[in-house]
Amino acid sequence: MKILILGLGINGGGLSAARYFAGKAEVRISDIGQRSSFGTVPDELEALGITCFFADTDPRDNIKWADVVIKNPAIPSKLPQLSLAKNIRNDFFYLFSSPLTKDISFILVTGTKGKSTTVAAITHALNTLGNEALYCGNIGVSAFLILEELEKRKLSGLKMPSYIVAELSSWQIHDTYVALNGQMPSSRLTILTSLYRDHQNRYASLADYYDDKLLLLNDRAERILINIRNRPYVLKHTHKLSKRISVFPTISNPYSLNKMELACAYKALKLLGFAKKEIVRALSSYRGMPHRIEQVAVHDDIMFINDSSATISEAVSFSVKTLYPLSYHLICGGTDKDISASGMLPALRNATDISLLDGSFTRDKLIPLLEKHEIRYSGPYSDLKSAFDNACQRAEEKKSATGAMQVVILSPGAASFEMFRNEFDRGDSFKKLVREYVSPYRART
C-alpha cells in the first residue's frame with residue numbers, strides 16, 4: 001500500500017498520520033512549506049522511513065504514485081491535482097470504519113464557535129461520572145491517535161472506552177462525507193453548537209459553509225442537539241429530522257445564563273440519561289480549555305485572559321460578556337477570513353481601551369469600523385509585545401485612578417497567520433509575555 005499524506009500542516013497534524021502508517025505502508029509526505037519551517041519533524045519522519053517532499057508546489061506526481069491520499073483538511077477539496085487521486089481519505093474515515101469502534105458510542109460535535117469547550121466539558125463530565133471517554137478531531141487530537149490507542153488496547157486485552165467525543169470542522173465533515181461515500185457514521189448524539197459567518201475565504205457562499213455543517217445532522221444520529229437560536233434554520237433544512245432534535249438552552253437548564261458551552265454540555269448529558277445532580281457535580285470540576293477565555297494570571301489587581309481561539313468577531317463579544325462588570329483592555333485584530341468585523345462592535349464599544357494587532361483584517365475591516373463609530377484605539381502594532389505593553393500600561397493607569405481590578409484580554413476576532421503560525425502559537429506567545437510581566441510571581445496555569 002502506498003500512502004501519500006498531503007499536507008503536513010502548520011500544527012503538524014500529518015505527523016500523527018505518518019506515525020500511524022509507518023511500518024504498515026510505504027509513506028510519503030508532500031507539503032508546500034519549506035523544510036526549515038517544520039523544525040525537527042522532517043528528521044523524525046525520515047527516521048521512520050518516510051520520504052518527505054517539501055516546497056512541493058505541484059504534487060501531481062506524488063498523487064498519481066499513491067494508492068491512498070490522506071488529505072489535510074486545510075487543503076481545498078477542489079485542488080485540481082486531487083482529480084488524479086485514486087482514493088482520498090482522512091483520519092475520521094479510518095476511525096469511523098474501524099471494527100474496533102462498533103461498541104463505542106460516538107458523540108459528534110460541530111459548530112462555528114464553542115466546539116472545543118463543549119467537547120472538553122462533555123468528555124470531562126463523562127469521565128468524572130465513571131464512563132470513560134476519549135476526545136479527538138479539530139480539538140487538536142488526531143483520530144489516528146485514538147485508533148492507535150484502540151489497537152493497543154485490543155492487543156493488550158484492555159477495556160475499550162465507552163464514548164468517543166469528536167469535534168469536526170466544516171472541512172473535516174465534508175472530507176469525511178466524501179470519503180465515506182455520503183454515508184456518515186452512526187452517533188449516540190450529534191451536536192451543533194452555533195452557526196455564524198466564517199471561512200468565507202474558502203467557501204463560495206455562507207449557505208455552502210452551513211451545508212457542510214448540516215451534513216453531520218442526519219438520520220444516523222440517534223439524537224440531535226442544537227442551539228435554540230439556530231432552530232428555525234436547521235428545521236427548515238432538515239425538516240425530516242425534527243423528532244430527533246432537542247435545543248439548548250432552556251429555562252430549566254441551570255447553565256442557561258452561563259457559558260453557552262456549559263449549557264450545551266448539560267443538555268447533552270441529560271439526553272445521554274444522566275441525572276441533574278450528578279451532571280452539575282461533574283461539570284463543577286471542569287476548569288476550561290487553553291486559549292478559550294483562559295485565565296492565565298492575576299497579579300497586583302490585573303487579570304490576564306488568553307482568548308486567542310476567538311477567531312471570529314462574534315466570539316469576542318461573547319467572551320467579554322463573562323468579564324462584566326470589570327474594566328477590560330482589549331488586544332484584538334489579525335488576519336482576514338473574509339468575515340465582517342461588526343459582530344465585535346459591542347465588545348469594542350465597552351472596552352476601556354483597544355490595542356490593535358496589525359493584519360489584513362485589522363486594516364481592511366476593524367479600523368474602518370472603529371473610525372466609523374468614533375471608537376479610539378492604539379496601533380496597529382506589528383508585534384504582540386508592543387500591543388501587550390500598551391494594554392498593560394493602560395490597565396496600570398486605570399487601576400491607579402480607580403483602585404478597581406482590571407483585565408487585559410487577548411481576544412483577536414481574527415485569524416493569526418500573518419504574525420503567528422496559528423492561534424495556539426499566538427496564545428502561547430501571550431502567555432509567555434504574561435509570565436515575564438508578573439515575574440518573579442507565579443502565573444496561574
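In this predicted model, the largest cavity is lined by Gly333, Gly334, Thr335, Leu357, Asp358, Ala415, Ser416, Phe417, Glu418, Met419, Phe420 and Arg426. By character, the residues of this lining divide into 5 nonpolar, 4 polar and 3 charged. The volume of the largest cavity is about 50 Å³, and the count of cavities of 30 Å³ or more comes to 1. Rolling a probe the size of a water molecule over the atoms shows where empty space is left.

Arg426, one of the lining residues of the largest cavity, has a number that falls within helix α16, which spans residues 423-438. The axis of helix α16 comes within 11 Å of the axis of helix α15 (residues 384-402), and the two axes cross at roughly 50°. With an angle of that size, α15 is therefore oblique to α16, and the crossing of these two helices is right-handed.

Two open sheets with parallel pairing can be described in turn. One of them has 6 strands, which follow the order β7-β8-β6-β9-β10-β11 and pair in the parallel sense. Because β7 (133-137) and β11 (245-248) each have a single partner strand, they stand at the edges of this sheet, and one side of each is left without a neighbour in the sheet. From one strand to the next, the twist of the sheet averages 20°. Within the sheet, strand β6 (residues 105-110) is paired with strand β9 (residues 189-192) through 4 bridges in the parallel sense, and valine 109 has isoleucine 191 in β9 as its bridge partner.

The other open sheet has 5 strands in the order β3-β2-β1-β4-β5, again with parallel pairing. Its edge strands are β3 and β5 (88-89), each of which pairs on one side only. Strand β4 (residues 68-71) runs parallel to β5 and is joined to it by 2 bridges, with isoleucine 88 in β5 serving as the bridge partner of valine 69.

An antiparallel arrangement is found in strand β12 (residues 294-299) and strand β13 (residues 302-306), which pair over 5 bridges. Glutamate 294 stands opposite asparagine 306 in β13. The two strands, β12 and β13, form a hairpin with 2 residues between them, and aspartate 300 in the turn has a positive phi of about 50°.

Helix α5 (residues 115-128) takes part in two helix crossings, one with α10 and one with α11. In the crossing with α10, the axes come within 9 Å and cross at roughly 45°, an angle that makes α5 oblique to α10; this crossing is right-handed. In the crossing with helix α11 (residues 276-283), the axes come within 9 Å and cross at roughly 115°. The helices α5 and α11 are therefore roughly perpendicular to each other, and α5 passes α11 in a right-handed crossing.

Several features of the backbone complete the description. Most residues other than glycine have a negative phi, and most peptide bonds are trans. Against this background, alanine 55, a residue other than glycine, has a positive phi near 50°; alanine 55 lies in the loop between β3 (51-53) and α3 (60-65), and β3 is an edge strand of the sheet of five strands described above. The positive phi of aspartate 300, about 50°, occurs in the turn of the hairpin formed by β12 and β13.

Two cis peptide bonds can also be noted. The bond from phenylalanine 248 to proline 249 is cis, with omega near -10°, and proline 249 is placed in the loop between β11 and α10 (260-271). This loop thus connects the description of β11, which stands at an edge of the sheet of 6 strands, with that of α10, whose axis crosses that of α5 at roughly 45°. Glycine 379 and proline 380 are likewise joined by a cis peptide bond, for which omega is about 10°. Unlike proline 249, which is in a loop, proline 380 is found in strand β16 (residues 378-381).

Conventions: Residues numbered from 1 in each chain as written. Predicted model: local features only at pLDDT ≥ 70, side-chain atom pairs only at ≥ 80, totals over all residues. Heavy atoms only, no water. Pairing = 2+ DSSP bridges. 1 Å grid on protein atoms, 1.4 Å probe; cavity = no way out; pocket = protein on both sides within 12 Å on 5 of 7 lines; lining within 4 Å. Points joined across faces, edges and corners; volume = space filled by probe spheres on them. Nonpolar A, V, L, I, M, F, W, Y, C, P; charged D, E, K, R; others polar. Axes fitted to C-alpha atoms, helices over the stretch in contact; angles between N-to-C directions. Parallel < 35°, antiparallel > 145°, perpendicular 65-115°, else oblique. Left-handed = near helix turned anticlockwise from the far one by under 90°.
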